[in-house]
Amino acid sequence: MKMYDDYELIVIGGGPAGLGAALSAREHGLERILIVERDVELGGILNQCIHNGFGLHYFGEELTGPEYAARLIDRLEGQAIDVLCDTMVLELIPGEQGHTVRLMSMAEGYRSVGSRAVILAMGCRERTRGAIQIPGTRASGVFTAGTAQRYVNIEGYMVGKRVIILGSGDIGLIMARRMVLEGATVLACVEIMPHSGGLTRNIVQCLQDFDIPLYLSHTITKIEGRQRVEKVTVQEVDDHFNPIDGTEIVFDVDTVLLSVGLIPENELSRAAGVEMDPKTSGPIVFENGETSVSGIFACGNVLHVHDLVDYVTTESEGAGKAAAEYVLRCAHTSHKRTCEKTPYISLVKDETVTYTVPQRIRVQCVDDHVRVFFRVKTPYKTPRRIVFRDGDRVIASFRRPYMTPGEMEHVTLKREQLDEVLGDELTISVEEIR
Amino acid sequence: MKEYICIVCPRGCHLAVDDENDYAVTGNACLRGAAYGREEAMHPTRVVTSSVRVRSRKHPRCSVKTDIAIDKSDIAKAMLLLDDVELIPPVRRGDIVIASLFGSEANFIATRDIDE
Ligand SMILES: Cc1cc2nc3c(=O)[nH]c(=O)nc-3n(C[C@H](O)[C@H](O)[C@H](O)COP(=O)(O)OP(=O)(O)OC[C@H]3O[C@@H](n4cnc5c(N)ncnc54)[C@H](O)[C@@H]3O)c2cc1C
Ligand code: SF4
């Protein structure tokens with residue numbers, strides 16, 4: 001047996017994306033599947049998200065993060081899917097016949113395994129203070145909200161007593177409530193944009209429920225303190241995000257939580273030569289989740305940041321199915337060559353849309369329909385049309401009563417509609433309804 | 001008049017509930033919003049999630065939740081009860097951690113398994 005035949009599929013990451021993908025690949029006929037997870041247990045970020053609000057779409061009930069993870073993990077039972085926890089993937093080396101994955105673990109050390117197909121499901125990590133550069137001293141007491149979440153919920157350490165939160169992303173909002181419930185005082189949540197980055201539900205249940213003020217169009221301009229954070233200066237910003245003189249508010253706090261966004265964790269993908277989309281910070285993918293390297297697929301937060309885990313699970317099931325089809329059909333050399341030459345159309349966005357996933361569609365590979373996920377750039381409180389055009393011709397159009405950048409949107413393009421596209425580009429835009 | 005943001009769907013309508021006029025709701029784009037606004041004004045409830053100590057080296061905390069939504073005004077009191085809890089493994093999802101909170105039907109239950 002050649003090394004690339006060790007496995008039919010290796011899934012990197014054991015969060016909901018990796019679990020969903022592996023289970024679906026199994027269901028679609030693969031027999032040798034390995035999930036590699038660097039943490040001591042499966043479940044990914046869900047293990048630390050102890051709040052509820054997961055699973056309404058997928059399981060039809062509201063679950064907490066750990067319960068959601070457990071539901072997926074339960075399904076592994078009896079599936080003959082190999083799992084390696086406490087094992088980190090260091091490198092992914094693509095090959096013509098199959099791909100090589102380099103692993104490292106305390107128990108087994110360093111080794112290489114080969115696989116016909118690979119699914120990237122590494123999730124994302126938080127932007128840190130360095131990435132957004134706040135002037136001031138380097139006192140302790142500055143955490144990303146997710147790190148604080150892990151300390152409080154998993155390790156059981158309280159991170160501070162008087163807290164300010166920078167950024168109104170969901171993790172920051174969730175942590176605002178969590179800190180209050182654990183006895184801390186949360187003085188404010190500060191957001192540089194004129195609108196909140198989190199779900200309305202979280203603004204209501206995490207800030208308003210506890211009378212925590214939300215300062216929109218404000219940012220932290222200074223963090224002071226000798227060893228521990230003592231003081232934070234907040235200022236209003238103008239339309240170009242420059243702080244306005246004279247608007248300074250000083251807060252006495254010992255802790256700053258940063259909730260300034262997530263970035264897909266793609267070092268492995270980049271090093272493997274997978275083509276990336278600067279807008280999503282994730283791989284560019286085709287309609288089935290396949291990246292620019294054949295046999296390497298991506299799903300979940302490594303592909304683009306999702307706000308709902310249910311979408312992660314469904315997307316990953318698609319990628320798992322596609323990987324199974326690839327292994328059982330396309331991986332054979334002759335077929336693979338034709339696959340690689342299949343023409344595709346590119347989804348192009350105008351200034352109203354931040355990104356789309358997928359970015360490319362191979363029309364002849366579409367069975368029946370493709371789900372296109374996207375985010376709008378600005379909030380719309382009144383109905384709009386989402387229009388797909390081939391040149392001047394409208395290929396599809398969808399109505400939405402309201403949209404916001406904080407919530408991912410999706411539409412379904414049918415194969416018949418895609419067959420109408422004559423050029424190699426399809427433009428998506430958000431337009432007024434006339 | 002009380003004001004709320006409807007959280008039933010992502011549209012986030014701004015609701016006004018007239019508590020002096022039979023809790024009449026305005027600002028809602030649909031009926032679900034009216035029901036939500038009335039409920040929030042008359043009897044707001046929340047599911048509470050938190051974590052408790054566990055006698056385990058691998059997992060020092062176990063996540064818990066109330067199995068049904070409890071009165072919003074009881075949240076702080078309910079949290080205090082958790083401070084005194086220490087679980088001993090094995091813990092199973094759904095195990096009751098604190099039974100019938102304040103004599104109600106609500107319990108705190110574990111939301112994960114801890115084997116050792
Ligand atoms: C703090 C927070 C709160 C959220 N709240 C909600 C909510 O209320 N409702 C909701 O529906 N959704 C929520 N989400 C979104 C949802 O949880 C995520 O979208 C989902 O968990 C993403 O799944 P994933 O599998 O892509 O990533 P993850 O869950 O992050 O899993 C990725 C896994 O890959 C592993 N990994 C990474 N690199 C390697 C490597 N090199 N080798 C081996 N393993 C590796 C990681 O250890 C991790 O376990 C929240 C997300 C966060 C971060
Ligand atoms: S009132 Fe109706 S439309 Fe408006 S947010 Fe509530 S559920 Fe949505």
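Modeller: Let's start with a definition: a salt bridge is a side-chain nitrogen of Lys or Arg within 4 Å of a carboxyl oxygen of Asp or Glu. Please keep in mind that this is a predicted model.

Colleague: Thanks! What makes K65(B) and E67(A) a salt bridge?

Modeller: Their closest N and O atoms are 3.1 Å apart, and the cut-off is 4 Å, so the pair qualifies. K65(B) lies in strand β6 of chain B and E67(A) in helix α2 of chain A, so the pair joins two chains.

Colleague: Why is K65(B) called buried?

Modeller: K65(B) has 11% relative accessibility, and buried means under 20%, so K65(B) counts as buried. Its partner E67(A), at 9%, is buried as well.

Colleague: How do you know that D74(A) and R93(B) meet in a salt bridge?

Modeller: The N to O distance is 2.9 Å, which falls within the 4 Å limit. D74(A) lies in helix α2 of chain A and R93(B) in the loop between β8 and β9 of chain B, so here too the pair joins two chains.

Colleague: And what makes D74(A) and R93(B) partly exposed?

Modeller: That label covers values between 20% and 50%. D74(A) has a relative accessible area of 42% and R93(B) one of 28%, so both get the label. Salt bridges that share partners also join D74(A), R92(B), R93(B), D113(B) and D115(B) into one network.

Colleague: Why is R360(A) called buried, and E275(A) partly exposed?

Modeller: R360(A) has a relative accessible area of 12%, so R360(A) is buried, the bound being under 20%. E275(A), at 35%, counts as partly exposed. The two form a salt bridge, with the closest N and O atoms 2.9 Å apart. This pair links distant parts of the chain, 85 residues apart.

Colleague: How many salt bridges does a search of the whole structure find?

Modeller: It finds 33 over all chains.

Colleague: Moving to the surface, why does L90(A) count as partly exposed?

Modeller: L90(A) has 43% relative accessibility, between the 20% and 50% bounds, so "partly exposed" is the right label. L90(A) sits in strand β6 of chain A. Together with M88(A), M104(A) and Y110(A), L90(A) forms a nonpolar surface patch with about 380 Å² of accessible area.

Colleague: Last one: which classes make up the shell around ligand 2?

Modeller: The shell has six nonpolar, three polar and no charged residues. Cys counts as nonpolar and Gly as polar; among the surrounding residues are C6(B), C9(B), G12(B) and G33(B).

Notes
Residues numbered from 1 in each chain as written. Chains lettered and ligands numbered in written order. Predicted model: local features only at pLDDT ≥ 70, side-chain atom pairs only at ≥ 80, totals over all residues. Heavy atoms only, no water. Near = heavy atom within 4 Å. Patch = residues over 30% accessible without salt bridge, like charges linked within 9 Å, V, L, I, M, F, W, Y side chains within 5 Å. Areas by Shrake-Rupley, 256 points an atom, 1.4 Å probe, with all protein chains shown as cover. Helix = DSSP H or I, 4+ residues; strand = E, 2+ residues; numbered from the N terminus. Buried < 20%, exposed > 50% of the residue type's maximum accessible area, 1.4 Å probe, protein only.
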